[in-house]
Structures are given as C-alpha cells and as structure tokens.
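Reader: I am new to reading protein models, and I would like to learn how to look at one feature after another. Could we go through it slowly together?

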Amino acid sequence: MPELPEVETIKNDLLPHVVGRSFAEVVVASPEVVKAPSPEEFRRGLRGQRIRGLRRRGKYLIFDLHSGDAFIVHLKMTGALLINFCPDGYRAYFRLDHGTELAFTDRRKLGGLWLVPDAEIIVGKLGPEPLEAGFTVQALADMLGQRSAPIKALLLDQSFLAGLGNMYADEALFAARIHPLTPARDLTRARVDKLYGAIRSVLQAGIRSRGASVDTYRTPDGGQGMAHLAFKVAHMKGKPCPACGTPIERLALRGRGAYFCPKCQPPPAEVTKPQARNPKS
DNA sequence: CCCGGAACCTGAAGGC
DNA sequence: TGCCTTCAGGTTCCGG
C-alpha cells in the first residue's frame with residue numbers, strides 16, 4: 001500500500017533512469033487505468049515527450065515533461081512501477097529512448113494514469129507536504145483548529161495533509177499516544193506538538209527503510225521495503241503493545257481499520273461511556 | 001462547510 | 001472440503 005514513504009522511495013529509485021529520457025513507446029494493456037484523456041489520446045500524446053523531472057506530491061508520482069504537460073501516476077493499493085522487468089498481466093508499458101523499460105502493474109486496477117497540461121489539475125487540491133519546511137507545528141495546530149472530526153479521519157484526508165495513509169497514521173497516533181477517535185479540537189497543544197513530531201518521524205523512518213512491504217508493494221527493481229518490521233500497532237490486532245503489553249485492538253473508522261493500544265491511547269470521554277446517553281433519565 | 005458512509009476493485013484469510 | 005464473510009484501503013461521490 002504505497003503511502004508517502006513508498007512513493008518517495010520509488011521516485012528516488014526511478015529518478016536517475018528517467019530524467020532526460022523520452023517516451024519511445026507507450027502500450028496501454030488495461031484501458032481502465034488511464035483516467036485522462038482517452039486511452040488512445042494518452043498513448044499518442046505521451047509518445048515522444050521528454051522528461052524534464054520527476055517528483056512526488058502526496059502519494060502521486062509526477063513526471064514533468066518539457067512541453068509543460070505532466071504524466072501522473074497513482075499506485076493506490078496494489079500498483080507498482082517496475083524498471084526493466086515487465087511481468088504478465090501488466091496494465092501499461094513504457095519504453096524510453098535509451099532502452100529503459102517501465103511497467104505499470106496493478107492487480108486490483110484501482111490505480112490511475114493521467115496525462116494533463118498542468119499537474120495542478122490533479123494535485124492542486126492536496127494539503128501541505130508533512131516533511132516540507134512550511135509545515136510547522138503551528139500550521140498543524142491552526143489546521144486542526146475547531147474541527148470536530150476524529151483526528152485519524154483528518155490525517156487520512158489528503159486535502160488536509162498529503163501523504164499519510166492508514167499504516168503511518170496509526171503509527172503516528174500511537175507514537176503520540178492519541179486515540180484515533182479523539183475529536184481534533186480536543187487535542188491539547190502538548191498533544192499537537194507530540195503528533196507533529198510523530199508524523200514527521202514515522203514518515204522519515206519509513207523512507208529510511210525504503211517503505212513498508214505489506215501486500216504487493218515493490219520498489220522499481222522488484223525489491224521490498226523494511227518499514228513494516230518496525231510497525232508497532234498497524235495490522236497488529238491481538239499482538240502485545242510493545243510499550244505495555246496490552247493486546248492491540250482494531251476499530252472501524254470510515255471503512256478503515258484503526259489499530260491502537262487501548263492502554264497507551266486511552267479513548268476520549270464520549271467514547272468511553274456511549275451507553276450513558278440514555279434519553280429516559 | 002463539515003462530517004460520515006458507500007462504492008470501486010480482487011485476493012487472502014478466517015469461520016463454520 | 002467448500003462456501004460465505006470479512007478484511008485490505010486510496011480516492012471519489014453522495015447524502016444529511
């Protein structure tokens with residue numbers, strides 16, 4: 001499940017192979033992965049274009065082209081970009097002018113490819129980058145403001161903050177000792193400070209470990225990341241909390257699994273006693 | 001504007 | 001053994 005550290009790793013690995021190259025051949029094997037324009041316009045429009053740069057924004061991978069167009073990839077859950085290796089069942093295939101081959105694979109076909117005249121059409125609505133200098137602890141405090149949504153729902157909202165996904169959100173909340181259902185506006189400033197540091201440190205650790213290879217995540221050379229080996233709560237239901245030994249619990253939040261330690265991350269008051277709300281009293 | 005839930009997609013895993 | 005349900009979750013859309 002590529003989140004910020006996984007996409008950052010892929011970007012860094014691909015960078016030396018693609019910058020300055022141009023697309024010599026474009027094959028779309030699964031038309032449904034091309035989101036814009038039409039698959040045929042995409043194929044014709046991308047062919048011949050030269051790559052000026054490659055960057056990451058949130059979980060999007062952006063190939064900036066000399067024409068000003070942008071070729072954008074989102075891997076969603078099961079997508080991968082492989083270099084010089086094209087497995088059966090690939091969704092799209094790209095050959096660059098010096099012979100480098102790129103294959104886009106995506107078992108579940110949730111991922112997407114775009115060719116747009118301006119990258120901002122796709123990434124313009126994303127929130128701030130958590131690892132950039134402009135994202136300060138005061139900025140986070142201001143963003144949380146009077147929001148009543150559960151803190152974890154906000155952390156997963158890409159227009160709120162770009163790049164965190166389910167795994168790293170759970171890890172950051174554990175590191176900051178915050179229950180995932182805590183209303184954002186109920187966080188004390190001390191908690192916001194801890195959360196800010198936790199978000200940045202779990203993402204930086206994830207990048208250093210080349211991402212987390214749960215499910216089908218692969219680096220462009222087909223290798224795996226090691227970040228999941230350091231996870232403390234994500235996907236650890238029933239396993240002992242590394243801090244206190246209490247079994248990790250899972251609750252459903254917005255259709256996602258939220259993993260947390262019930263002792264280290266005590267629930268907010270309203271969640272503790274839902275049955276106290278009795279109309280007949 | 002804000003919030004929550006469903007849908008999309010496919011394969012693995014668990015329960016009975 | 002086999003069938004059924006649940007889980008996995010990034011994003012978008014819809015309804016209150």
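Reader: How do the axes of helix α6 and α7 cross?

Author: In this predicted model, the axis of helix α6, residues 166-175, comes within 8 Å of the axis of α7, and the two cross at roughly 135°. Angles over 145 degrees would count as roughly antiparallel, and α6 and α7 are therefore oblique to each other. The crossing of α6 with α7 is right-handed.

Reader: Which residues of α6 and α7 meet there?

Author: On the side of α6 you will find Tyr168, Glu171, Ala172, Leu173 and Ala175, and these meet Lys194, Leu195, Ala198, Ile199, Val202, Leu203 and Gly206 in α7. Sorted by class, this contact has nine nonpolar residues, one polar residue and two charged residues.

Reader: What can be said about helix α4 and helix α7?

Author: Helix α4, residues 137-144, and helix α7, residues 189-208, have axes that come within 9 Å and cross at roughly 120°. That angle makes α4 oblique to α7, and their crossing is right-handed. From α4 the contact draws on Val137, Gln138, Leu140, Ala141 and Leu144, while α7 supplies Arg189, Val192, Asp193, Leu195, Tyr196 and Ile199. Its composition by class is eight nonpolar, one polar and two charged residues.

Reader: Let us turn to the DNA. Which residues are around DNA strand B?

Author: They are Arg107, Arg108, Lys109, Leu110, Arg147, Ser148, Ala149, Pro150 and Arg254, and by class this surface has three nonpolar, one polar and five charged residues. It also helps to ask which part of the DNA faces the protein: among the atoms of DNA strand B within 4 Å of the protein, 72% belong to sugar or phosphate, and the rest belong to bases.

Reader: Which atoms of Lys109, Arg147 and Ala149 lie by the phosphate oxygens of DNA strand B?

Author: For Lys109 it is a polar side-chain atom, 3.3 Å from a phosphate oxygen of DNA strand B, and for Arg147 it is a side-chain N or O atom, at 2.7 Å from a phosphate oxygen. Ala149 instead places a backbone N or O atom 3.0 Å from a phosphate oxygen of that strand.

Reader: How many residues surround DNA strand C, and which are the closest?

Author: There are 17, and the closest are His74, Leu110, His235, Arg250 and Tyr259. Sugar and phosphate make up 62% of the atoms of DNA strand C that come within 4 Å of the protein. Strand β11, residues 256-260, gives the largest share of this surface, with three residues, and by class the surface has five nonpolar, six polar and six charged residues.

Reader: Where do Asn166, His235 and Arg256 touch on DNA strand C?

Author: A backbone N or O atom of Asn166 lies 2.9 Å from a phosphate oxygen, and a side-chain N or O atom of His235 is 2.4 Å from a phosphate oxygen. With Arg256 the partner is a base oxygen of DNA strand C, which lies 3.1 Å from a polar side-chain atom of the arginine.

Reader: My last point is the backbone. What is common for phi and for peptide bonds?

Author: Most residues other than glycine have a negative phi, and most peptide bonds are trans. Here, however, a cis peptide bond joins Ala36 and Pro37, with omega about -10°, and Pro37 sits in the loop between β2 and α2. Arg210, although not a glycine, has a positive phi of about 60°, and its place is in the loop between α7 and β10.

Technical notes: Residues numbered from 1 in each chain as written. Chains lettered and ligands numbered in written order. Predicted model: local features only at pLDDT ≥ 70, side-chain atom pairs only at ≥ 80, totals over all residues. Heavy atoms only, no water. Near = heavy atom within 4 Å. Polar contact = N/O pair within 3.5 Å; in protein donor to acceptor, adjacent residues only side chain to side chain. Helix = DSSP H or I, 4+ residues; strand = E, 2+ residues; numbered from the N terminus. Nonpolar A, V, L, I, M, F, W, Y, C, P; charged D, E, K, R; others polar. Axes fitted to C-alpha atoms, helices over the stretch in contact; angles between N-to-C directions. Parallel < 35°, antiparallel > 145°, perpendicular 65-115°, else oblique. Left-handed = near helix turned anticlockwise from the far one by under 90°. Contact = heavy atoms within 4.5 Å.
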